[in-house]
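Here is a note to read with the structure open beside you. Take the points in order and look up each residue as you go.

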Amino acid sequence: MTDATQLMVWIDQDLCTGDGICEEIAPDVFVGREDGLWVVKEEASHFGKTIVFDAKEGDGHGPEGSRGVARVPDSQTDIVIEAAEECPGECIMIEPYDAKSIQDRGA
Ligand code: SF4
């Protein structure tokens with residue numbers, strides 16, 4: 001059983017200031033990477049399997065940036081929008097769910 005989703009979210013790491021506000025607001029969707037930038041993720045508690053879009057190789061990882069779109073669980077929609085509004089880098093991008101983008105990310 002997976003959460004319904006109508007939105008996708010990704011981060012433009014080129015603009016991320018690394019303050020971590022997004023993770024403070026929505027820790028199920030945003031996570032800090034070792035290099036001090038933030039990435040998006042899909043949590044197993046919502047989607048049955050955790051995928052972190054941190055550009056690492058291997059199972060459980062996916063591409064970063066615009067190719068690394070994470071599905072937003074409907075239960076997280078409001079706080080993901082709040083995170084985007086609060087993001088000082090204005091680099092949290094929210095888009096309507098698109099099956100082809102999910103397929104193309106290869107994760
Ligand atoms: S709130 Fe925005 S700028 Fe701050 S860490 Fe998250 S994505 Fe980066």
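1. Let us start with Glu 90. Is Glu 90 buried or exposed? Glu 90 is exposed, because just 11 other C-beta atoms lie within 10 Å, and a residue counts as exposed at 12 or fewer. You will find Glu 90 in the loop between α3 and β6. Keep in mind throughout that this is a predicted model.

2. Stay with the backbone of Glu 90 for a moment. Its phi is positive, about 50°, although Glu 90 is not a glycine. That deserves a second look, because most residues other than glycine have a negative phi.

3. Ala 55 also has a positive phi, near 70°, and is a residue other than glycine. Where is Ala 55 found? Look in the loop between β4 and β5. Ala 55 counts as partly exposed because it has 16 C-beta neighbours inside 10 Å, which falls between the limit of 12 or fewer for exposed and the limit of 20 or more for buried.

4. Now turn to the strands. One open sheet has 3 strands in the order β5-β1-β6, with antiparallel pairing. Why is one side of β5 and of β6 left without a neighbour in this sheet? Both β5 and β6 (92-96) stand at the edges with a single partner strand each, so one side of each stays free of a neighbour there. From one strand to the next, the twist averages 35°.

5. You can trace how β1 pairs on either side. With β5, the antiparallel pairing runs over 3 bridges; Leu 7 stands opposite Val 72 in β5, and Met 8 stands opposite Arg 71 in β5. With β6, the antiparallel pairing runs over 5 bridges, and here Ile 11 stands opposite Ile 92 in β6. Strand β1 is largely enclosed by the rest of the structure, because 4 of its 5 residues are buried.

6. A helix belongs in this picture too. Helix α3 lies across β1, β5 and β6. Relative to β6, α3 runs at about 140°.

7. Another open sheet has 3 strands in the order β2-β3-β4, and its pairing is antiparallel as well. Which are the edge strands here? They are β2 and β4, each of which pairs on one side only.

8. Follow the partners of β3 through this sheet. Strand β2 (residues 30-32) is joined to β3 by 3 bridges, and Phe 30 stands opposite Val 40 in β3. On the β4 side, 2 bridges join β3 to β4. There, Lys 41 stands opposite Val 52 in β4, while Glu 42 stands opposite Ile 51 in β4.

9. The hairpin of β2 and β3 has 5 residues between the strands. Within this hairpin, Gly 36 takes a positive phi near 90°. Compare it with your notes on Glu 90, which is not a glycine.

10. How many residues of β3 are buried? The count is 5 of 5, so by the cut-off of 20 or more other C-beta atoms within 10 Å every one of them qualifies. Trp 38, Val 40 and Glu 42 point one way from β3, whereas Val 39 and Lys 41 point the other way. Do notice that Glu 42 and Lys 41 are among these buried residues.

11. Next, look at what is packed inside. The largest nonpolar core has 23 residues, and those with the most contacts inside it are Val 9, Cys 22, Val 29, Val 40, Ala 70 and Ala 83. At least two residues of this core come from each of β1 (7-11), α1 (21-25), β3 (38-42), β4 (51-52), β5 (70-72) and α3 (77-86). The most comes from β1, with 4 residues.

12. Val 40 is a good residue to click on. Leaving aside residues up to four places away in sequence, Val 40 touches Val 9, Trp 10, Ile 11, Val 29, Phe 30, Phe 53, Gly 68 and Ala 70.

13. Finally, what surrounds the ligand? There are 15 residues around it, and the closest are Cys 16, Cys 22, Trp 38, Cys 87 and Gly 89. The shell divides into 10 nonpolar, 4 polar and 1 charged. Two residues from earlier points return here: Cys 22, which is among those with the most contacts in the core, and Trp 38, which is buried in β3.

Note on methods:
Residues numbered from 1 in each chain as written. Predicted model: local features only at pLDDT ≥ 70, side-chain atom pairs only at ≥ 80, totals over all residues. Near = placed C-beta within 6 Å. Nonpolar A, V, L, I, M, F, W, Y, C, P; charged D, E, K, R; others polar. Core = buried A, V, L, I, M, F, W, Y, C linked by C-beta atoms within 7 Å. Contact = placed C-beta atoms within 7 Å. Pairing = 2+ DSSP bridges. Axes fitted to C-alpha atoms, helices over the stretch in contact; angles between N-to-C directions.
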